[in-house]
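Please open the structure in your viewer, with the sequence panel beside it, and follow the stops below in order.

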Amino acid sequence: MDGVIIKAVGGFYFVRAGDRVFRCSIRGKIRLQKSQAMVGDMVSVILMGDDDGVVEKILPRRNELVRPLIANVDQAVVIFATKQPDPSALLLDRFLVQVRAAEITPVICFNKFDLAENEEPELIAHYDRTGYPVIRVSAKTGQGIESLRNCLKDRINVLAGPSGVGKSSLLNTLQPGLELQTGDISLKLRRGKHTTRHVELIPLEHGGLVADTPGFSNVDLPALKREVLPGYYPEFNSYAGQCRFNGCLHYREPECAVKEAVRKGHVSMLRYQNYLNLLEEVIESERRY
Ligand SMILES: Nc1nc2c(ncn2[C@@H]2O[C@H](COP(=O)(O)OP(=O)(O)OP(=O)(O)O)[C@@H](O)[C@H]2O)c(=O)[nH]1
Ligand SMILES: [Mg+2]
Ligand SMILES: [Zn+2]
């Protein structure tokens, strides 16, 4: 029988197959393999009773996200708040690059729209122009929850984003009865603690799985070559082919069509400046690899 690991607790792997979950141990032989089983892994299981089994084999992984550690994710919903905490474009861009580098499709979601009233933060409009989908929601009023639900349907999803933006609250609104722990942001910051700790794939009533994850206030870029970074900016794509130089980094090169598009306002200046910021970081860290 094949299934997906949705949770790993106390040496056991909980494997979902059909509508059921089996508590499984793992064969010693694979336990020693380099590729430790992780949440999201597709596995073959031999049943050893009504609710128990043994993981016999880990099937090949499509991808692996590092923070949180989870395999075979289709889509990452990167969540920020309109305020409390204020969104940071640079941090959002770091999340997007991390997700793209793991070969996962990003979706952007801004929560706490009830707090924005009629004045949404200026930076949101910059993301409307990226080519990535942008969903506006409020876990409190339910605004936009239907779009978010449709977006998660029938996929393996992770929710990512800083602590306190309302990732767990959104899932609670999306699927009443979940009762995930949510927290008061000021208390959390004071204690330096997160509300959500472990990684678990939660089955959605309408189809699909979603992992709520602990918030990260910082995202390290993965090891990247400088040439791949521009490819993670969908809004550069239609211009990049018109740059004078092949493999243009849209940095110091002359006759760069992307820089021209930024000057004309076709590509967001904010996104471009953050891109330069990350590019310099990538170039700096290349020396260490
Ligand atoms: N006004 C308002 N507050 C919200 C909304 N969503 C969440 N909150 C509040 O924001 C705080 C943090 O919510 P959580 O759901 O715990 O945030 P989280 O992203 O899961 O945080 P971590 O688990 O620490 O990563 C809580 O006090 C929530 O009540 C919203 O749409 N509007
Ligand atoms: Mg949480
Ligand atoms: Zn260029």
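A crossing of two helices is called right-handed if the near helix is turned clockwise from the far one by less than a right angle, and left-handed if it is turned anticlockwise. With that convention in mind, and remembering that this is a predicted model, select α2 and α10 and look along the line that joins them: α2 passes α10 in a right-handed crossing.

**The whole chain**

Before going further into that pair, display the whole protein as a cartoon, in which 10 helices and 13 strands can be traced. Its C-alpha atoms fill a box of roughly 65 × 45 × 35 Å along the principal axes. A compact globule of 289 residues would have a radius of gyration near 19 Å, and the 21 Å of this protein agrees with that. Buried residues make up 36% of the 289, and among contacts with a separation of 6 or more, 64% are between residues 24 or more positions apart.

**Helix α2 and its partner**

Now select residues 89–101, which form α2, a helix of 13 residues that reaches 18 Å from its first C-alpha to its last, close to the 18 Å expected at 1.5 Å a residue. Colour the stretch from L92 to R100, where L92, D93, R94, F95, L96, V97, Q98, V99 and R100 are buried. If you then show the surroundings, you will find that the buried residues of α2 pack against the strands β8 (75–81), β9 (105–111) and β11 (156–160), as well as against α10 (269–286).

Which residues of α2 meet α10? Show side chains for A89, L90, D93 and V97 in α2, and for L270, N274, N277 and L278 in α10, since these are the residues that meet. The two helices pack at an angle of about 65°, with their axes 10 Å apart, and they are therefore roughly perpendicular to each other.

**Either side of α2**

Step back to the loop between β8 and α2 and select P85, which lies there; the peptide bond that joins Q84 and P85 is cis, with omega about 0°. Then move past the other end of the helix to E103, in the loop between α2 and β9. E103 has a positive phi of about 60° although it is not a glycine. Is E103 buried or exposed? With 11 C-beta neighbours inside 10 Å, E103 counts as exposed.

**Helix α6 and the loop after it**

Next select α6, where 7 of the 8 residues are buried, so that this helix is largely enclosed by the rest of the structure. The buried residues are K167, S168, S169, L170, L171, T173 and L174, and they pack against β8, β9, β11, β12 (200–203), β13 (209–212) and the helix α5 (145–152).

Add α5 to the view: α5 and α6 pack at an angle of about 90°, with their axes 10 Å apart, and are therefore roughly perpendicular to each other. At this meeting, I145, L148 and R149 in α5 face L170, T173 and L174 in α6 as contact partners.

The last stop is E179, in the loop between α6 (167–174) and α7 (185–191). Its phi is near 55°, a positive value in a residue other than glycine. E179 has 10 C-beta neighbours inside 10 Å and therefore counts as exposed. To finish, draw a distance between the C-alpha atoms of E179 and S168, which are 11 residues apart along the chain and separated by 8.7 Å.

Terms used: Residues numbered from 1 in each chain as written. Chains lettered and ligands numbered in written order. Predicted model: local features only at pLDDT ≥ 70, side-chain atom pairs only at ≥ 80, totals over all residues. Helix = DSSP H or I, 4+ residues; strand = E, 2+ residues; numbered from the N terminus. Rg over C-alpha atoms; globule rule 2.2 N^0.38 Å. Buried ≥ 20, exposed ≤ 12 C-beta atoms within 10 Å, placed from the backbone. Contact = placed C-beta atoms within 7 Å. Expected span 1.5 Å × (residues − 1). Axes fitted to C-alpha atoms, helices over the stretch in contact; angles between N-to-C directions. Parallel < 35°, antiparallel > 145°, perpendicular 65-115°, else oblique.
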